[in-house]
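Student: Could you teach me how to read a structure like this one, a feature at a time? I would like to hear the general idea before we look at the case itself.

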Amino acid sequence: MSSYTFCSKENKYYLECFVFGVKYLSQLVTTLVMSSISKTVTPECLIRQEILDIHAYHVPPATGMVKLDAMENPYPLPQALRDDIARLVADAAINRYPDASAHQLKADICKVVDLPPGMDVLLGNGSDEIIQVLALALAKPGAVLLSVEPSFVMYKMIAAFAGMRYVGVPLAEDFSLDLSATLAAIEREQPALVFLAYPNNPTGNQFDAEAIKQIIQASPGLVVVDEAYYAFASDSFIPHLARYDNLLVMRTFSKLGMAGLRLGFLAGAKVWLEQLEKLRLPYNVGVLPQLIASKLLQHHDVLLAQAESIKQERSKLLDELAGIGGVKAFPSAANFILFRLENATRIFAGLKQRGVLIKNLNGGHSALVDCLRVTVGTPEENQRFIAALKDSINQPA
């Protein structure tokens, strides 16, 4: 055997080893890289873009402040009623799940509301849960949720949660319904779900009832009239439930004095509620909310008397605001007042510095430029707000 042949075989062997090594290293590197990539899971990889694009609902801290930002009832319950509730809570079976159907609470609500025959209620953890149940139920591919703007922000947010396409119809300059534009949008978009706040939040006005009836008649889908502020308003669509087969009425007890219980309801025909009940999460209204809300509804007159006091204070507060130069206060049928003035964000900050928290709406919608919203509080709270507002306005920029 020649040395040439031996060297050729040896070189071939080394070459094969080299090629094998290169392939092995390449596979190893690829495996390591892929392993590293597979372990890098980010929200951007998995969460729907429409969820990534929105901001969480922000609730500012209010410790130590005069809290006039969230449309709450500022009055405490009478001491005797508080004592009754304390005894109820002491004996409550909080080690057990609540009544899943909340039979007693539903009966108490139906009695207070005076529902038309054949109507029933669905309970929610506040009205937000009910909005979500409705959107989930109607979110067929391409389905549209329509409302007016500016209005309650959760309509648009929950449309995104459920994967519905949201359409907002601008209100008129005075915040009344633009009926022709709304009817045109309904004809064009064919919405599966329409929300109308009555009175409207954050503008405070109550839309024309006849215009709403035209919207109900023109809509191919469900129309939900949101009466969160019913206790401060002069009208309701509950008596009309039997007249329209696509009408539902939603209410919350939060504004009446039960904000801490988180309780809302949807009223309407059983044929709708039976389907929507399928999406309501089990035990969504806890033991304590059921017991306390039932007790409070037995004393509904107490809460309505407090609402009447709030309405009287609302009138006084509107007059006070009207007497401040540069302030434009809008009419309200709710327990809050929307007002506009120059440098609203600076004024808002000035109020906070003086221990008063209201809602800054400037920048939230093009129709709300330089707008702030104040909840009607107790007489003392309202006076502190007015004094702080005047000081903030007179403070040099």
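Student: Where does Arg 96 lie?

Tutor: Bear in mind that this is a predicted model. To place a residue, we look for the elements on either side, and here Arg 96 sits in the loop that runs between α4 (79-91) and α5 (103-113).

Student: Is Arg 96 buried or exposed?

Tutor: We compare the relative accessibility with a cut-off, and exposed means over 50%. Arg 96 has a relative accessibility of 60%, and therefore it counts as exposed.

Student: How far apart are Arg 96 and Val 287 in sequence and in space?

Tutor: Separation along the chain and separation in space have to be read as two values. Arg 96 and Val 287 are 191 residues apart in sequence, while their C-alpha atoms are 8.1 Å apart in space. For the chain, we can take the contacts between residues at least 6 apart in sequence, and of these 73% join residues at least 24 apart.

Student: Which residues of α7 are buried?

Tutor: A general point about helices helps first: an α-helix has 3.6 residues a turn, so residues three or four places apart point the same way. Helix α7, residues 153-162, is mostly covered, with 7 of its 10 residues buried. These are Met 154, Tyr 155, Met 157, Ile 158, Ala 159, Ala 160 and Ala 162. Just after α7 comes Gly 163, with a positive phi of about 80°.

Student: What do the buried residues of α7 pack against?

Tutor: Their partners are both helices and strands, namely α3 (49-52), α6 (126-138), β3 (144-149), β4 (165-170), β5 (193-197) and β6 (222-226).

Student: Which residues touch the most other members of the largest nonpolar core?

Tutor: In that core, which has 90 residues, they are Leu 321, Phe 339, Ile 358 and Phe 385. Another core lies apart from it and has 28 residues, including Leu 134, Leu 138, Leu 193 and Met 250. Over the chain, buried residues make up 46% of the 397 residues.

Student: How many helices and strands does the chain have, and how do I read its overall spread?

Tutor: The chain has 15 helices and 13 strands. For the spread, we set the radius of gyration beside the value from the globule rule: the chain has 29 Å, well over the 21 Å that the rule gives for 397 residues, so it is more spread out than a compact globule. Along the principal axes, its C-alpha atoms fill a box of roughly 115 × 60 × 55 Å.

Note on methods: Residues are numbered from 1 along each chain as its sequence is written. This is a predicted model: local features need pLDDT of at least 70, side-chain atom pairs count only at pLDDT 80 or more; totals for chains, interfaces and linings use all residues. Side-chain values use heavy atoms; hydrogens and water are left out. Helices (H or I, at least four residues) and strands (E, at least two) are DSSP runs, numbered from the N terminus. The radius of gyration is taken over C-alpha atoms; the globule rule is 2.2 Å times the number of residues to the power 0.38. Buried means under 20% relative accessible area, exposed over 50%, partly exposed in between (1.4 Å probe, protein chains only). Contact means heavy atoms within 4.5 Å. A nonpolar core is a set of buried Ala, Val, Leu, Ile, Met, Phe, Trp, Tyr and Cys residues joined through side-chain atoms within 4.5 Å.
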